[in-house]
Amino acid sequence: IFRDVPSDITIEVNGGTIALHKIRLILGCSNADNHNCYMQFPLVSRSGRIRKLVEEHRDSDISRVELMNLPGGAESFELAAKFCYGINFEITPLNVAQLCCVSDYLEMTEEFSKDNLHLHAEQYLESIVYKNLEMCVEVLQQCENLLPHANELNIVSRCIDAVASKACAEQIALSFSRLEYSSSGRLHTIRQAKCEGDWWIEDLSVIRIDLYQRVITAMKCCGVRPESIGASLVNYAQKVLTKKVDLVSTGHQKLVVETIISLLPVERLAVPISFLFELLRNAVMLDCTIACRLDLERRIGSQLDIATLDDLLIPSFRHGCETLFDVDMVYRILVNFSQQDDGEYDMDGVSIFESDSPHSPSQSALLKVSKLVDDYLAEIALDVNLKLSKFIAIAEALPAHARTIHDGLYRAIDIYLKTHKGILDADKKRLCKLIDFQKVSQEAGAHAALNERLPLQSVVQVLYFEQLRLRNALCCSHTDGNHKPVHHQSWRISSGALSAAMSPRDNYASLRRENRELKLELTRLRMRLNDLEKEHVCMKRDMAKSHSHKFMSSFSKKIAKLRFFRHSSSRGSSSPSRQSYRADSKVIERTCASIE
């Protein structure tokens, strides 16, 4: 200011110098040469701090004043000097925070002069800035270089509260604008587009992470929708994490990731699951805290049923890890998924179906995740460094009733056996025990029967179950609608796929019914066997005492009785077996042949 005029005083501000012209003011004197008159600068009349400094050096000729730690530096001081010298300038959102801080530092308040700088700055904040969300964000951005003075003057907190309240008020107003009456006279809400009215999301991405954290926390307290907060977090993370990484920015990105994880809404599906996986990858790569990573794994596990295979393929960033993908992390995610609470409990708080854990996800989610896990197993099976124990741990992470069809699991195990050719026979048996060959399709069973990589025991199981399935199909085709085959093994196999497709609640009830029917059938078979044993003992006794002709007459009577018993048993039982009937007849024929 007045750089072409010889200066009378020099102000040092944070290492810089500003030359000011001395203006003589006569206070209470008519003669300028009167030595009793007091000489002032314009800053002295407005600033309490400058006045104190001048008074301290009244006896000496002060030509240099040093101002340490002045907020905003030389730029802020020049604005204050302009105000004191009567030079007009405009107060804007870009300089109002500086004016507030420098006026407080220089004590430019009403105590020393009317209509002082601090009053003008505060009036601008109250009347203009705090009523506009965009201006509040601009002021927050300017406050980044004015801390801690901006915090002490509550500029930051007032701007944050204004942003949160404005965002919430806009969402409420938008919700009311979407209300309308239907043709029946009922009030309903028009479907809202995603993040409609959340134009402030882009504005918040320019402020520093510590201030952004305070803004999001205030929004949560005000009741801003979790979806809007989630969209803002996604936008902010994408702006920061996509920048070029160097040694300096790595620490900043780590801080951003940890802060965003702490700000994630607790509501499910508030942020896309792909974003959670991306955060998890960055958290591992940037070596974020274990608590952050575990929190992300828990959140991902709660909505794993909507994940994709690409999401699960997380590269292994750890030093010394031999596998391509981080299998241990996926295992922890699966454990979190299996232990989540779906709320399916009875009145006493006990699970209404038996499972591996009292807290189990829904059956529909289990079906989706089981298919996802089988696809994941097929991918990691190609890794020659993958240990058998980790492969088995991933396969067994889900409860037994999760897979209704074991084709995907069989395919993954076959790929693992093909990749790891030197695997021991005992390990092959451990792998194949994971497969329930009753739940493989006809095509998969045909492939397994000819698969030389499978152990012989597994091939025999495949052939055995395929034979039982075929026999059951033949029995069903020759049985009328009022009778059903009672061969308990084949009947159990045919109902296995059906019961596996049920929910765990229906599956449990169906298994109980099957158990009762099998017990009744077993009781009938025992009674029939006891009757046959008694008849056999009587036949031997008659052979020892009677003539051959008399014995044959007695034997024919026994046969008649036995047939009468069988007819009465079929009328009393709801499910007699034709195969068992033929078996009993063959036993009797062999007995007759041996007697002759």
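User: In this model, which residue does the side chain of Glu297 meet in a salt bridge?
Analyst: The model is a predicted one, and in it the two side chains of this salt bridge come to 2.9 Å, N to O. The pair links distant parts of the chain, since Glu297 belongs to helix 14 while its partner belongs to helix 16 (residues 327-338), 35 residues apart. The partner of Glu297 in this salt bridge is Arg332.

User: Is Glu297 buried or exposed?
Analyst: A residue counts as buried when its relative accessible area is under 20%. Arg332, at 34% relative accessibility, does not fall under that limit and counts as partly exposed. Glu297 has 2% relative accessibility, so this residue counts as buried.

User: How many residues apart in sequence are the parts that Asp305 and Arg268 tie together?
Analyst: Asp305 and Arg268 form a salt bridge whose closest N and O atoms are 2.9 Å apart. Asp305 sits in the loop between helix 14 (290-302) and helix 15 (309-312), whereas Arg268 sits in the loop between helix 12 (247-263) and helix 13 (273-285). Because the two residues lie in these separate loops, the pair ties together parts of the chain whose distance in sequence is 37 residues.

User: Which class of accessibility does Arg268 fall into?
Analyst: Its partner Asp305 has a relative accessible area of 19% and is buried, as the limit for that class is under 20%. Arg268 has a relative accessible area of 42%, and values between 20% and 50% belong to the class in between. Arg268 is therefore partly exposed.

User: How many salt bridges does the structure hold?
Analyst: Besides the pairs above, Arg293 forms a salt bridge with Asp287, the closest N and O atoms being 3.9 Å apart, and Asp287 is exposed, with a relative accessible area of 52%. Glu122, Glu126 and Arg158 are linked in a network of salt bridges. For the structure, the number of salt bridges is 16.

User: How is the aromatic pair of Tyr212 and Tyr236 classed?
Analyst: The structure holds three aromatic pairs, and in the one formed by Tyr212 and Tyr236 the rings lie 4.1 Å centre to centre, with 15 degrees between the planes. Tyr212 is in helix 10 (residues 209-222) and Tyr236 in helix 11 (residues 226-241), 24 residues apart, and the pair thus links distant parts of the chain. Tyr212 is buried at a relative accessible area of 0%, and Tyr236, at 3%, counts as buried too. As planes under 30 degrees apart fall into this class, the pair is stacked.

User: Which residue follows helix 10?
Analyst: Helix 10 has 14 residues and reaches 20 Å from its first C-alpha to its last, close to the 20 Å expected at 1.5 Å a residue. Its buried residues include Leu211, Tyr212, Val215 and Met219. The residue that follows helix 10 has a positive phi, near 100 degrees, and is Gly223.

User: What share of the residues of the protein chain counts as buried?
Analyst: The protein chain has 26 helices and five strands. Its accessible surface comes to about 33,300 Å², of which 53% belongs to carbon and sulfur atoms. Of the 596 residues in the protein chain, the share that counts as buried is 41%.

How values were computed
Residues are numbered from 1 along each chain as its sequence is written. This is a predicted model: local features need pLDDT of at least 70, side-chain atom pairs count only at pLDDT 80 or more; totals for chains, interfaces and linings use all residues. Side-chain values use heavy atoms; hydrogens and water are left out. Rings of Phe, Tyr and Trp (its six-membered ring) pair if their centres lie within 6.5 Å; planes under 30 degrees apart count as stacked, over 60 as edge-to-face and the rest as tilted. Helices (H or I, at least four residues) and strands (E, at least two) are DSSP runs, numbered from the N terminus. Buried means under 20% relative accessible area, exposed over 50%, partly exposed in between (1.4 Å probe, protein chains only). The expected span of a helix is 1.5 Å times one less than its number of residues. A salt bridge is a side-chain nitrogen of Lys or Arg within 4 Å of a carboxyl oxygen of Asp or Glu. Accessible areas come from the Shrake-Rupley method with a 1.4 Å probe; for residues, only the protein chains shown count as cover.
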